[in-house]
Amino acid sequence: MTRQLILEDFGADAAPVSLAPQTLLPEDQRLSAFEDGYKAGWDDANKADSDAKARISADLEKNLQELSFTFHEARAHIIGNIAPLLRAMAETVLPTVAQAKFADTILETVNQCLETAGDAPLTLTVNPLDRATIETVLPENGPLPVMMTEQNSLAQGQVFFKVGAQETVVDMTSLLAEISASVDAFLAETTQQPERLNA
């Protein structure tokens, strides 16, 4: 025995579908509507693209600023930690090295002056405390006479060389002061960079 399959009719309550032909718009109106829709789609796509590019550019700029600030902050932190070492080198190590090389520097400058001296004598004006150090490096029987005069107004480490009208100065004191000032300026500049970026 077979049973009959009974299915529910879902179309009974639905409104009848009109099978009448649809009225179509004229060809020029259809083309105009198509063009308007096409143009609106392009405008939306271009706007979305430019908005995405602007957002990406803003995010990139923000990230680069954060990286730059982080770099300068880290640099300032490192230099802040080594600042005492740099200052100690400028104040204690460099003067010791300069004092040790003072005689060599004087001898080198004397030799340079003697090469260009011709017949003119070489005159050195020195601080009285430097005279003994300088005399140890001067040639005893050199080809040209080397005269030395003392002047109390010169700082220790200052020597004036005069050959004819030409004058040369070796000034270890000023050199060390310039190095110390450069270190201080460098450290001050480094500590101010993160503050300027933060402002």
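Visitor: Let me start with one residue: in which helix is I82 found?

Guide: I82 sits in helix α1. Keep in mind that we are looking at a predicted model.

Visitor: Thanks. What is the overall order of the elements from the N terminus on?

Guide: Reading along the chain is a good way to begin. Here the elements go α-β-α-β-β-β-α, which gives the protein 3 helices and 4 strands.

Visitor: And how much of the protein counts as buried?

Guide: Of its 199 residues, 21% count as buried. The protein exposes about 15,100 Å², and carbon and sulfur atoms supply 58% of that.

Visitor: How do I read a nonpolar core, and which residues have the most contacts inside the largest one?

Guide: The general idea first: in soluble globular proteins, nonpolar side chains tend to be buried together. In this model, the largest nonpolar core has 18 residues, and those with the most contacts inside it are I106, V110, L122, L124, I134, V159 and F161. Two or more residues each come from α1 (27-117), β1 (122-126), β3 (158-163) and α3 (172-198). Helix α1 gives the largest share, 6 residues. Apart from this core there is another one, of 5 residues, including I79, A83, A90 and L187.

Visitor: Can we zoom in on a member? With which residues is I134 in contact, leaving aside its neighbours within four places in sequence?

Guide: Click on I134 and look around it. With those neighbours left out, I134 is in contact with F102, I106, L124, V126, M148 and V159.

Visitor: Now a polar residue. Is T125 buried or exposed?

Guide: To judge that, compare its relative accessibility with the cut-off: buried means under 20%. T125 has 15%, so it counts as buried. This residue is found in strand β1, and its side chain makes a polar contact with the side chain of T149 at 3.3 Å. Beyond its neighbours within four places in sequence, T125 is in contact with T149, Q151, L154, Q158, V159 and F160.

Visitor: Back to I82. What is its relative accessible area?

Guide: It's 35%, which makes I82 partly exposed. I82 also belongs to a nonpolar patch on the surface, together with I78, L85, M89, V93 and V97. The accessible area of the patch adds up to about 500 Å². Here's something to try in the viewer: I82 and L187 are 105 residues apart in sequence, yet 9.6 Å apart in space, C-alpha to C-alpha.

Visitor: What share of the contacts join residues at least 24 apart, among those between residues at least 6 apart in sequence?

Guide: That share is 72%.

Visitor: Last topic: salt bridges. How many does the count come to?

Guide: The count comes to 8 salt bridges. When you read one, check where its two partners lie. D43 and K39 meet in a salt bridge at 3.4 Å, N to O; both lie in helix α1, 4 residues apart, or about one turn of the helix. D43 is partly exposed at 39%, while K39 counts as exposed at 53%. D49 and K53 are another such pair, at 3.5 Å, again 4 residues apart in helix α1.

Visitor: Which pair links distant parts of the chain?

Guide: Look at E150 and R131, whose side chains meet at 3.5 Å, N to O. This pair links distant parts of the chain: E150 lies in strand β2 (residues 146-150) and R131 in helix α2 (residues 131-137), 19 residues apart. E150 is partly exposed at 44%, and R131 is partly exposed at 25%. There's a third partner too: R131, E135 and E150 are linked in a network of salt bridges.

Key: Residues are numbered from 1 along each chain as its sequence is written. This is a predicted model: local features need pLDDT of at least 70, side-chain atom pairs count only at pLDDT 80 or more; totals for chains, interfaces and linings use all residues. Side-chain values use heavy atoms; hydrogens and water are left out. A nonpolar core is a set of buried Ala, Val, Leu, Ile, Met, Phe, Trp, Tyr and Cys residues joined through side-chain atoms within 4.5 Å. Buried means under 20% relative accessible area, exposed over 50%, partly exposed in between (1.4 Å probe, protein chains only). Contact means heavy atoms within 4.5 Å. A polar contact is a pair of N or O atoms within 3.5 Å; within protein, one must be able to donate a hydrogen and the other to accept it, and residues adjacent in sequence count only if both atoms are side-chain atoms. Accessible areas come from the Shrake-Rupley method with a 1.4 Å probe; for residues, only the protein chains shown count as cover. Patches are made of residues with over 30% relative accessible area and no salt bridge: like charges are joined within 9 Å, nonpolar side chains (Val, Leu, Ile, Met, Phe, Trp, Tyr) within 5 Å. A salt bridge is a side-chain nitrogen of Lys or Arg within 4 Å of a carboxyl oxygen of Asp or Glu.
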